[in-house]
Amino acid sequence: MTDTTSLSPAGREAALSALAEGELDVLVVGGGVVGAGCALDAATRGLSVGLVEARDFASGTSSRSSKLIHGGLRYLEMLDFALVREALRERGLILQRLAPHLARPVPFLYPLQHRVWERLYAGTGVQLYDLMATTHGGLPRHRNLSRRGALRACPALKKDSLVGALQYYDAQLDDARHTMFLARTAAAYGAHVASRAEVVGFLREGERVTGVRVHDLELDRTFEVRAQQVVNATGVWTDDTQALVGERGQFHVRASKGIHLVVPRDRIQSTTGLILRTPTSVLFVIPWGRHWIIGTTDTDWALDKSHPAASSTDIDYLLHQVNQVLATPLDRTDVQGVYAGLRPLLSGESESTSKLSREHTVASPVPGLVVVAGGKYTTYRVMAKDAIDAAVHGLGRSVSPSCTERVPLLGAEGYTALWNRRRLLAEESGLHVARVEHLLKRYGSLVHELLDLIREEPSLGKPLEGAEDHLRAEITYAAGHEGARHLEDVLTRRTRISIETFDRGVAAAPSAADLMGDVLGWTKEQREREVENYRLRVEAERASQEQPDDETADAARLGAPDVVPLQLQ
């Protein structure tokens, strides 16, 4: 591997220069989890690789999920055993080998409302879930709980809302940080990776796709990138990207909106997450640091894909559903953060998006082009493998098979040993052990790079003004090492300040902009513009969440300007 600064500002410039020269084996379009996974898969097979993303890494679907790495217990009910088995295998790989610093187990309580048949029915499903995961272990087995045992684990439940419960385990991770780590690891293995680099057209030689035209949104320049194979991994934008090729494609992707609420941990008394049945799907209450994530909805969405909006109706629906079982109901004042994301579902005949397939599809509609779509976050690695297998087929030469199941992400190697040494690290660094634990869970064995920054500039070891859960060094590091180009990148994806503070990160914005500006060379005016843009974004999101339906919420959300390119600031 090369060094770990490939997503630095200088690394981005080097990547763009390399993309404009020569011809790549594979160019991946889309910096979500599947695109970043494709870049890592191709790079670790020994191919020359580029990855371009129009906005920020994980800025679409891959930063707005339920943050779960799971087999999909509800897919067992649909008898989709193959998908569940595959997802459980991937869950085990992520937890134990690929990203142990980013993923961790989480318990879930499933309340039972019927005494005999439901425990038998649901218990059989959970037991099968455990059995299918046995060879990919790492998590405790499920257990049966009486009503008293369930209320001991979750005192927040209404006593009359259950007769007993099942408790089982899944896993979670910060999806945006994981996706960024995938892109960063791909870059460390030699991939040329750049965000804010939008594909605006495809190059053709007769029938064959031979590359793309890329617009560098930061410096307002357009150039061509030539590649033997182009992989379209743009998720809910798949059809839009295909339109640039002039090909309809062999399948279509339909967007389904899911929204989530974030509430402080003290609003729900529980030592475990919850999974509840709703009339249309399932509802999760997921422990998330000092918060709970409550979600999700599942509704068709045909409006703006870049900034899907949560309406007042969406929020009220989730509050109503979770309050069915809570002894102390939640209301709007308890909601600290709200986020909405779009699932890329393969179009089917069902009218309900919750019944559309979560399987993925790979196709080569024209020579030189591979399209991958569908799937679910947990199985990103399999999707990437299948897409690069198709690209290799198009290369027409012998290439090593995928090895990503044996390639830990940056920060994974040595993480367990460092976790065991966390108290010593705290003594050596002068930080509280809780701060060191926080850093280890976000950076793994790269924690030394953060500690080095603090050693060189002790003020970076202080809490960030307006978001004291984070250190100032994390903002500096995001801009210098993690590819963050704008304030929104840091406050919404490198950290989760935008959903973990009641003011949505507005108070933290000026300090964060100054820290980023010192790394990226922003002028005073650029720093002020970044802060103002972020404030307007928060205002637009709050306004959208007061609207009664998707159309009015979308219009309100679009009232804020998008990120302004640096050359226009």
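What follows is a conversation between a student and a tutor about helices, salt bridges and burial in a predicted model.

Student: Let's start with helix H16. How many of the eight residues of H16 are buried?

Tutor: Helix H16 covers residues 487-494. Its buried residues are Leu-487, Glu-488, Asp-489, Val-490, Leu-491, Thr-492, Arg-493 and Arg-494. The helix is therefore largely enclosed by the rest of the structure, and the number you want is eight of the eight.

Student: Which helices are included in what covers the buried residues of H16?

Tutor: Contact here needs heavy atoms within 4.5 Å. By that test, the cover includes helix H7 (175-188), helix H13 (433-443), helix H15 (472-481), helix H17 (497-500), H18 and H19.

Student: Asp-489 and Arg-493 are charged. What is the N to O distance in the salt bridge of Asp-489 and Arg-493?

Tutor: Side chains of opposite charge can pair when their charged atoms come close. Asp-489 and Arg-493 both sit in H16, four residues apart, which is about one turn of the helix. Their side chains meet in a salt bridge, with an N to O distance of 2.9 Å.

Student: Are Asp-489 and Arg-493 buried or exposed?

Tutor: The cut-off for buried is under 20% relative accessible area. Asp-489 has 5% relative accessibility, so it falls below that limit. Arg-493 also has 5%, so this residue too counts as buried.

Student: Which residues are joined into one network by salt bridges that share partners?

Tutor: The pair of Asp-489 and Arg-493 is a good place to begin, with both residues in H16. Salt bridges that share partners join these two to others, and the full network is Asp-56, Glu-488, Asp-489, Arg-493, Arg-494, Arg-537, Glu-541 and Arg-557.

Student: Now the wider picture. How many salt bridges does a search of the whole structure find?

Tutor: A pair counts when a side-chain nitrogen of Lys or Arg is within 4 Å of a carboxyl oxygen of Asp or Glu. Arg-421 and Glu-428 pass that test at 3.2 Å, N to O. Searching the whole structure in this way gives 47.

Student: How many residues apart are Arg-267 and Asp-334?

Tutor: Arg-267 and Asp-334 form a salt bridge whose closest N and O atoms are 2.9 Å apart. This pair links distant parts of the chain: Arg-267 is in the loop between strand S11 (253-264) and strand S12 (273-277), while Asp-334 is in the loop between helix H9 (312-323) and strand S16 (337-346), and the separation is 67 residues.

Student: Which of these two counts as buried, Arg-267 or Asp-334?

Tutor: Arg-267 has a relative accessible area of 30%, so it is partly exposed. At 12%, the one that counts as buried is Asp-334.

Student: Are H18 and H19 parallel or oblique to each other?

Tutor: Helix H18 (residues 509-520) and helix H19 (residues 524-544) have axes that come within 9 Å and cross at roughly 140°. An angle over 145 degrees would count as roughly antiparallel. The two helices are therefore oblique.

Student: Which residues of H19 meet H18?

Tutor: The crossing of these two helices is right-handed. From H18, the residues taking part are Ala-509, Pro-510, Ala-513, Asp-514, Gly-517 and Asp-518, and from H19 they are Arg-527, Val-531 and Tyr-534.

Student: How do the residues of the contact of H4 with H5 divide into nonpolar, polar and charged?

Tutor: Helix H4 (residues 81-98) and helix H5 (residues 117-133) pack at an angle of about 55°, with axes 9 Å apart. The contact is made by Phe-81, Val-84, Arg-85, Leu-88 and Arg-91 of H4 with Leu-128, Tyr-129, Met-132 and Ala-133 of H5. Those residues divide into seven nonpolar, no polar and two charged.

Student: One last residue, Asp-216. Which residues is Asp-216 in contact with, leaving aside its neighbours within four places in sequence?

Tutor: Asp-216 belongs to strand S9 (residues 208-216). Its relative accessible area is 0%, so it is buried. Apart from those sequence neighbours, its contacts are Arg-12, Leu-16, Arg-196, Arg-221 and Phe-223.

Methods. Residues are numbered from 1 along each chain as its sequence is written. This is a predicted model: local features need pLDDT of at least 70, side-chain atom pairs count only at pLDDT 80 or more; totals for chains, interfaces and linings use all residues. Side-chain values use heavy atoms; hydrogens and water are left out. Axes are lines fitted to C-alpha atoms, for helices over the stretch in contact, and angles run from 0 to 180 degrees between N-to-C directions. Angles under 35 degrees count as roughly parallel, over 145 as roughly antiparallel, 65 to 115 as roughly perpendicular and the rest as oblique. A crossing is left-handed if the near helix is turned anticlockwise from the far one by less than a right angle, and right-handed if clockwise. Buried means under 20% relative accessible area, exposed over 50%, partly exposed in between (1.4 Å probe, protein chains only). Ala, Val, Leu, Ile, Met, Phe, Trp, Tyr, Cys and Pro count as nonpolar, Asp, Glu, Lys and Arg as charged, and the others, Gly among them, as polar.
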